[in-house]
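Student: I would like to go through the cavities and the ligand site of a model, and ask what each term rests on.

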Amino acid sequence: MFSRTRPLRKNESIRRLVKETHLSIDNLVYPLFIEEGNNIETEIPSMPGIKRFSLDTIAKELDEVVKLNIPAVLLFGIPSKKDEIGAETWNVDGIIQQTIKFIKTNYPSLYVITDVCFCEYTSHGHCGIIYNNDLDNDKSLVNLAKQVISHAKAGADMVAPSGMLDGMIKTIRTALDANEFYNIPIMSYAVKYASAFYGPFRDAANSVPSFGDRRTYQMDPANRIEALREAKIDEVEQADILMVKPALSYLDIIRDLKNNFNKPIACYNVSGEYAMIKAASEKGWIDEKRVMMESLLSMKRAGASIIITYFAKDAAKILQ
Ligand code: PBG
């Protein structure tokens with residue numbers, strides 16, 4: 001005698017009944033790039049279908065996101081001026097602050113998450129203040145608090161610090177609470193690897209480091225135990241959601257976090273992952289829609305209930 005597994009695959013009805021993982025629009029977050037200026041609608045060459053918008057052109061994109069019932073957007077600002085410390089990140093009239101107000105006024109049901117970082121705002125492209133040719137952790141934390149409070153005051157629903165600074169979650173939670181923003185949750189880029197998969201994003205967001213790389217603050221792709229340590233620290237510091245980034249090469253890490261923490265797990269399906277599927281599809285080498293859905297499903301199966309993806313609109317159309 002042998003065991004048969006094929007009977008439960010016989011037709012679509014039984015496959016539906018035994019399906020273990022369901023991807024839903026509820027899982028999707030759509031990243032948006034907003035550039036300071038007017039009349040901007042710039043295609044990002046390495047990310048077909050993704051554009052940078054200015055505030056005066058972004059409405060039709062937001063209309064579509066809301067119509068597709070995508071619950072949330074993640075905002076990245078591209079300022080017109082950069083400096084050594086990224087002071088524009090806490091300008092009350094900065095591009096992100098204006099965008100938050102615009103969305104909360106015109107699309108009140110859309111949940112607004114802000115990426116909290118400095119790399120798009122510093123002249124050197126690093127995620128904070130530079131001292132002795134390296135990121136100065138503790139000095140950068142002071143400015144991080146300023147940035148997060150200005151996002152909260154503008155009306156952000158959630159903040160997502162992505163700089164991999166030590167103590168960033170504690171600093172942000174303390175600052176939010178001191179300003180009575182008790183109900184703004186923190187989604188921590190808790191486990192963020194120093195990855196080559198961010199390449200297209202750095203073009204999109206103008207955030208390529210002018211010297212060195214991010215390996216003194218982002219994690220070594222070889223490390224798995226360290227991911228648990230990073231996540232533990234952020235849990236203790238009161239992060240509400242733990243994120244793994246990138247997603248596809250790190251599905252094992254997503255599952256590790258899911259098994260070890262009782263907080264919602266997010267993953268970031270990053271620009272390089274998007275670009276690979278788009279490029280292969282343009283060459284006619286893969287079925288784009290099926291590969292996209294299979295990748296997103298694998299992130300859900302690995303344990304992520306929040307999937308940040310440039311495919312959010314395309315996937316939402318299929319999941320309607
Ligand atoms: C940093 C940040 C990065 C991404 C999101 N936030 C880039 C980096 O660390 O270099 C990458 C996102 C992507 O590749 O899609 N603010």
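Tutor: We take the ligand first, then the cavities and the pocket, then two backbone points.

Tutor: This is a predicted model, in which local features need pLDDT of at least 70, side-chain atom pairs count only at pLDDT 80 or more, and totals for chains, interfaces and linings use all residues. Residues are numbered from 1 along each chain as its sequence is written, and side-chain values use heavy atoms, with hydrogens and water left out.

Student: What makes a residue one of the 17 that surround the ligand?

Tutor: A residue is near the ligand if one of its heavy atoms lies within 4 Å of it. By that rule 17 residues surround the ligand, and the closest are Lys192, Arg202, Lys245, Ser271 and Tyr310.

Student: Why is the pair between Ser271 and the ligand called a polar contact?

Tutor: A polar contact is a pair of N or O atoms within 3.5 Å; within protein, one must be able to donate a hydrogen and the other to accept it, and residues adjacent in sequence count only if both atoms are side-chain atoms. A polar side-chain atom of Ser271 lies 2.7 Å from an oxygen atom of the ligand, so the pair qualifies. Asp115 has a polar side-chain atom 3.3 Å from a nitrogen atom of the ligand, and Glu120 likewise has one 3.3 Å from a ligand nitrogen. The protein covers 100% of the 400 Å² of accessible area that the ligand has on its own, with areas from the Shrake-Rupley method and a 1.4 Å probe.

Student: How do you know which space the ligand takes?

Tutor: The ligand's space is the largest cavity. A molecule sits in a cavity or pocket if more than half of its atoms lie within 2 Å of its grid points. On a 1 Å grid over the protein atoms alone, a cavity is a set of points where a 1.4 Å probe fits but cannot get out, while a pocket is an open set with protein on both sides within 12 Å along at least five of seven lines; lining residues have an atom within 4 Å of a point.

Student: What lines the largest cavity?

Tutor: Its lining has 19 residues, with Cys119, Lys192, Tyr198, Phe201 and Lys245 nearest the centre. Strand 9 (187-192) and helix 6 (199-204) are the elements that give two or more residues to this lining. The volume of the largest cavity is about 160 Å³, and the structure holds 3 cavities of 30 Å³ or more.

Student: What is known of the second largest cavity?

Tutor: The second largest cavity has a volume of about 50 Å³. Its lining includes Asp115 and Glu120, two residues with polar side-chain atoms 3.3 Å from ligand nitrogens. Strand 4 supplies the largest share of this lining, 3 residues.

Student: Which residues line the largest pocket?

Tutor: They are Lys19, Thr21, Leu23, Met293, Glu294, Leu297 and Leu319. Helix 10 (residues 288-302) gives the largest share, 3 residues, and the pocket holds about 210 Å³ of space.

Student: What makes Pro246 and Asn132 worth listing?

Tutor: Most residues other than glycine have a negative phi, and most peptide bonds are trans. The bond from Lys245 to Pro246 is cis, with omega near -10°, and Pro246 is in the loop between strand 10 (241-245) and helix 8 (251-260). Asn132 has a positive phi, near 50°, and is in the loop between strand 6 (130-131) and strand 7 (134-135).

Terms used: Points joined across faces, edges and corners; volume = space filled by probe spheres on them. Helix = DSSP H or I, 4+ residues; strand = E, 2+ residues; numbered from the N terminus.
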